Amino acid sequence: MDSTRRLGKYRVEREVLDEQRLEEVTQRKTFSDTHPSLTEHLKDSFRCTAARLKQSVMSSLPVLYWLPKYSIWDYGMPDLIAGISVGIMHLPQGLAYALLASVPPVFGLYSSLYPALIYFFFGTSRHISIGTFTVLSIMVGSVTERLAPDAAFLITNGTNITEVDIAARDSYRVQVAAATTVLGGLIQVVLGLVKFGFVGTYLSEPLVRAYTTAAAAHAVVAQLKHIFGVSPARFSGPLLLVYTLKDVCMLLPRTHLPTLLVSAVSIVFLISAKELNYFLSPKLPVPIPVELITIVAGTLISTYTHLNSNYTISVVGEIPNGLSYPSVPDASLFGEVIGDAFALAMVGYAVSFSLGKTFALKHGYNVDSNQELVALGLSNAVGGFFQCFSVCSSMSRSLIQETTGGKTQMAGVASALIVLVTILKLGPLFQELPKAVLAAIVFVNLKGMFKQHADIVTLWKRSKIDLVVWLVTWVSTMLLNLDLGLAASIIFALMTVIFRTQLPTYSVLGNVPGTELYVDIKTHREAREIPGVTIFRSSATVYFANADLYLEALKEKSGLDISKMIIYKRRQEAKQRRRERRAERRAKRQAKKERRAQRASKQLSGASVFSIEEEADRWKDTCMDGIVTDEEEHGWTERENGTVFVVPITPQTPDGPCRWEYLKGGGPDCASLGWMSELQDGDTTTLGSSSEDTLSHNLERVSLGSLGKWTWDIHSIIMDLSTANFIDIVAIKTMKSIFQDFSEIDVDIYMAGCQPSVVEQLELGDFFSELVTKRHLFASVHDAVLYCLDHRGASSFARYETSVEPYSSTKF
């Protein structure tokens with residue numbers, strides 16, 4: 001069975017529909033019917049019904065929707081297993097990522113507890129695990145170290161030795177982190193309430209992946225001091241990474257060897273255990289808690305060998321029992337951290353929503369973008385009152401929660417209970433844990449992010465523009481730090497969108513024989529250009545940034561330079577008027593000749609007088625009208641590139657000027673007219689008889705031969721606006737000028753495929769007038785083509801043998 005039979009056919013017979021007729025057939029509603037007034041909109045917004053109240057409450061608290069339907073028998077055990085697995089991962093990651101945020105480790109445990117409980121009530125994703133995340137921890141750390149550097153907390157003890165007041169420094173850093181987190185959470189809540197959830201879409205996948213890859217480099221450099229046991233100077237601002245790395249390299253000769261040994265052993269163990277875990281994962285019901293085993297082993301070894309006292313290896317230190325009391329963050333810090341808070345809000349939401357959407361598509365449920373923004377914002381804002389730092393979903397924990405069978409947000413509650421037990425009872429057991437072990441955990445967990453450098457090869461094959469976005473994001477984040485790097489990356493990504501709309505693809509469409517489809521004639525061999533009709537399309541919408549480019553592209557693709565065509569037309573009209581005056585004078589001279597012929601039988605000297613008078617008349621005609629050229633005799637002119645010829649098709653009448661048509665050249669036979677391109681604007685050339693014969697021969701051969709196959713008269717231009725989803729005032733003015741300018745040279749302009757919203761904007765922009773009505777807009781390109789051929793295409797088919805089948809019927 002061939003493809004035609006498999007795909008089927010369809011045949012439609014209807015009238016040609018312009019916009020006015022389409023509105024009559026479809027009974028289009030008025031603007032006021034489809035757009036209620038502001039008063040009506042406000043009344044509808046504040047109208048409260050039982051159904052609307054229930055829907056509002058259920059959407060604000062999604063837990064009320066799924067919790068009453070929760071089945072313990074179906075979901076209880078899978079959620080419990082997944083929650084325990086994720087909770088075990090929370091412990092080492094919370095402790096380790098607190099080092100990235102430059103706050104005491106216990107606050108990493110707080111950040112794994114409170115936000116997860118808040119998300120349980122307000123979140124819509126069933127599989128993401130809310131808690132500490134590498135990138136956000138690094139971003140918080142950059143803020144805390146900038147506003148609370150070691151140099152601001154130097155004290156002198158009794159022996160005149162200057163040292164850092166660690167307790168005061170850590171206390172202030174916790175306040176900075178909490179203030180930043182609360183402000184970032186409030187920003188997320190506000191954006192969610194005003195339905196601004198789509199803002200996360202501006203952080204494209206290449207941008208987010210490049211940003212997290214560069215942030216991983218910042219995390220590694222931040223942990224080098226714990227791995228090598230050195231104390232580099234703290235830097236802030238642009239080139240922070242470069243300065244820190246340089247300082248660490250200079251301090252390598254002072255490396256603390258016991259600390260380096262602990263780091264190396266931990267890294268080797270973690271890598272080996274993770275590879276074994278990956279190898280055995282198909283056979284294991286739950287993954288082996290490698291990080292937890294490492295922490296327990298490191299704590300036991302450190303406790304019984306007294307690594308801190310014997311080898312001066314830095315350890316975690318005091319971890320208080322119990323939960324901290326809530327406290328109001330220092331609002332005076334808001335002004336200093338608002339930029340960082342906004343960056344944290346955007347990055348956290350982009351990571352969480354993209355991950356939640358991935359799981360939702362896989363398991364067949366919906367994730368509300370605006371509600372996710374509110375849920376994440378409340379998790380951060382409320383958590384900030386309990387000294388938590390910014391959180392979002394973690395890819396590693398979320399994957400564990402999903403692969404171990406987690407079904408609902410109850411898994412998050414189970415994981416939070418594991419963290420709660422640790423904070424209440426087990427916290428002091430980890431006081432002897434070496435910080436080098438936590439740094440090793442961070443270092444090894446970043447392996448997946450460093451693998452994202454392979455995106456360069458993938459994007460090189462798929463999209464060069466996305467590759468440039470990736471590289472710019474990576475470089476700016478590496479050099480400008482995390483906050484400025486993110487801002488620069490977003491600006492550059494938006495600029496690429498603007499550039500792509502400013503430089504779209506412009507094409508001339510041709511018909512696919514036997515169908516109503518129109519495709520680019522440059523990219524499709526079988527596409528046939530419609531005689532006399534140029535169909536022009538832009539791949540992007542027309543608006544203020546590319547309106548002028550659209551007009552220039554239209555002139556180029558149509559082959560008509562409007563300003564020159566107007567000059568050519570007026571010049572030809574002037575020449576035609578001179579020809580008419582010459583014809584009148586020739587008629588008068590002929591009458592004189594006839595009268596003089598009657599006197600021819602007179603004396604011979606009279607003939608001499610006749611000849612002299614005749615030559616005087618000829619000289620008078622030449623002085624008054626200029627030199628007579630073959631161009632004037634035949635009524636042809638040409639563009640500088642020799643591709644467009646102008647010829648009058650109707651004589652001038654007392655009622656108005658004649659109509660002109662423009663012949664568009666193409667094909668190999670038109671090369672014989674290349675000599676015409678040598679005529680420049682304003683040239684007047686008197687051709688001999690041989691040149692006149694050549695011109696007549698060429699014109700005759702083109703008009704009877706290649707002109708029909710390769711060249712036709714341009715009488716209509718159709719602008720395909722099906723790609724436009726809006727049109728602004730500047731674009732409307734450009735469209736008006738297109739209609740006005742092309743009407744000057746007797747070329748009809750039509751628009752096709754306009755979306756209803758575009759038609760409404762044209763109406764509001766006073767686009768339509770007595771000269772340009774809705775009859776110039778057509779429902780489709782094919783409708784416009786049929787109208788053009790019926791309206792002005794008959795003469796083309798009568799004069800030329802075309803290779804394109806006439807479209808005189810509405811059947812297709």
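Student: In which loop is Q387 found?
Tutor: Keep in mind that this is a predicted model. Q387 has a positive phi of about 65° although it is not a glycine. Its place is the loop between α17 and β4 (392-393).

Student: Is Q387 buried or exposed?
Tutor: Buried means under 20% relative accessible area. Q387 has 12% relative accessibility, so it counts as buried.

Student: And T312, which is not a glycine either: where is it, and is it buried or exposed?
Tutor: T312 has a positive phi of about 50°. You'll find T312 in the loop between α15 (307-311) and α16. The cut-off for exposed is over 50%. T312 is at 56% relative accessibility, so it counts as exposed.

Student: Let's zoom out. How many helices and strands are there in the chain?
Tutor: The chain has 812 residues, and 47% of them count as buried. As for its elements, there are 32 helices and 14 strands.

Student: For contacts with a separation of 6 or more, what percentage comes from residues 24 or more positions apart?
Tutor: Let's take an example of residues far apart in sequence first. V296, in helix α14 (residues 290-305), is 204 residues from P92 in sequence, with 9.6 Å between their C-alpha atoms. For the chain, among contacts with a separation of 6 or more, residues 24 or more positions apart account for 80%.

Student: Is V296 buried, exposed or partly exposed?
Tutor: The range between 20% and 50% is called partly exposed. V296 has a relative accessible area of 37%, so it is partly exposed.

Student: How far apart in space are T201 and A350?
Tutor: T201 is in the loop between α10 (166-193) and α11 (205-228). T201 counts as exposed because its relative accessibility is 55%. In sequence, T201 and A350 are 149 residues apart, but C-alpha to C-alpha the distance is 7.5 Å.

Student: Which helix gives the largest share of the largest nonpolar core?
Tutor: That core has 98 residues, and those with the most contacts inside it are V103, V135, M139, V347 and L438. The largest share is 14 residues, and they come from helix α16 (residues 334-363).

Student: What does V103 touch, not counting residues up to four places away in sequence?
Tutor: V103 is one of the residues with the most contacts inside the largest nonpolar core. With those sequence neighbours set aside, V103 touches A98, R173, V174, A177 and F389.

Student: How many residues are in the other core, the one with L551?
Tutor: This core lies apart from the largest one. Among its residues are L551, I732, I745 and C754, and its size is 36 residues.

Student: Are α8 and α17 roughly parallel or antiparallel?
Tutor: The axes of helix α8 (residues 106-122) and helix α17 (residues 369-385) come within 8 Å and cross at roughly 150°. Angles over 145 degrees count as roughly antiparallel. So α8 and α17 are roughly antiparallel.

Student: How do the residues of the contact of α8 with α17 divide into nonpolar, polar and charged?
Tutor: The crossing of these two helices, α8 and α17, is right-handed. P115, I118, Y119 and F122 of α8 meet Q371, E372, A375, L378, S379 and V382 of α17. They divide into seven nonpolar, two polar and one charged.

Student: Are α24 and α29 roughly parallel or antiparallel?
Tutor: Helix α24 (residues 547-558) and α29 have axes that come within 9 Å and cross at roughly 30°. Angles under 35 degrees count as roughly parallel. So α24 and α29 are roughly parallel.

Student: How do the residues of the contact of α24 with α29 divide?
Tutor: The crossing of α24 and α29 is right-handed. The contact is made by A547, Y550, L551, L554 and S558 of α24 and V730, A731, T734, M735, I738 and F742 of α29. That divides into nine nonpolar, two polar and no charged.

Student: How does α25 pass α29: in a left-handed or a right-handed crossing?
Tutor: Helix α25 (residues 562-598) and helix α29 (residues 729-744) have axes within 9 Å, crossing at roughly 30°. That makes α25 and α29 roughly parallel. The crossing of α25 and α29 is left-handed.

Student: How many charged residues are in the contact of α25 with α29?
Tutor: I562, I566, K569 and R570 in α25 meet D741, F742 and E744 in α29. Three of the contact residues are nonpolar and none are polar, while the charged ones number four.

Technical notes
Residues are numbered from 1 along each chain as its sequence is written. This is a predicted model: local features need pLDDT of at least 70, side-chain atom pairs count only at pLDDT 80 or more; totals for chains, interfaces and linings use all residues. Side-chain values use heavy atoms; hydrogens and water are left out. A nonpolar core is a set of buried Ala, Val, Leu, Ile, Met, Phe, Trp, Tyr and Cys residues joined through side-chain atoms within 4.5 Å. Buried means under 20% relative accessible area, exposed over 50%, partly exposed in between (1.4 Å probe, protein chains only). Helices (H or I, at least four residues) and strands (E, at least two) are DSSP runs, numbered from the N terminus. Contact means heavy atoms within 4.5 Å. Axes are lines fitted to C-alpha atoms, for helices over the stretch in contact, and angles run from 0 to 180 degrees between N-to-C directions. Angles under 35 degrees count as roughly parallel, over 145 as roughly antiparallel, 65 to 115 as roughly perpendicular and the rest as oblique. A crossing is left-handed if the near helix is turned anticlockwise from the far one by less than a right angle, and right-handed if clockwise. Ala, Val, Leu, Ile, Met, Phe, Trp, Tyr, Cys and Pro count as nonpolar, Asp, Glu, Lys and Arg as charged, and the others, Gly among them, as polar.
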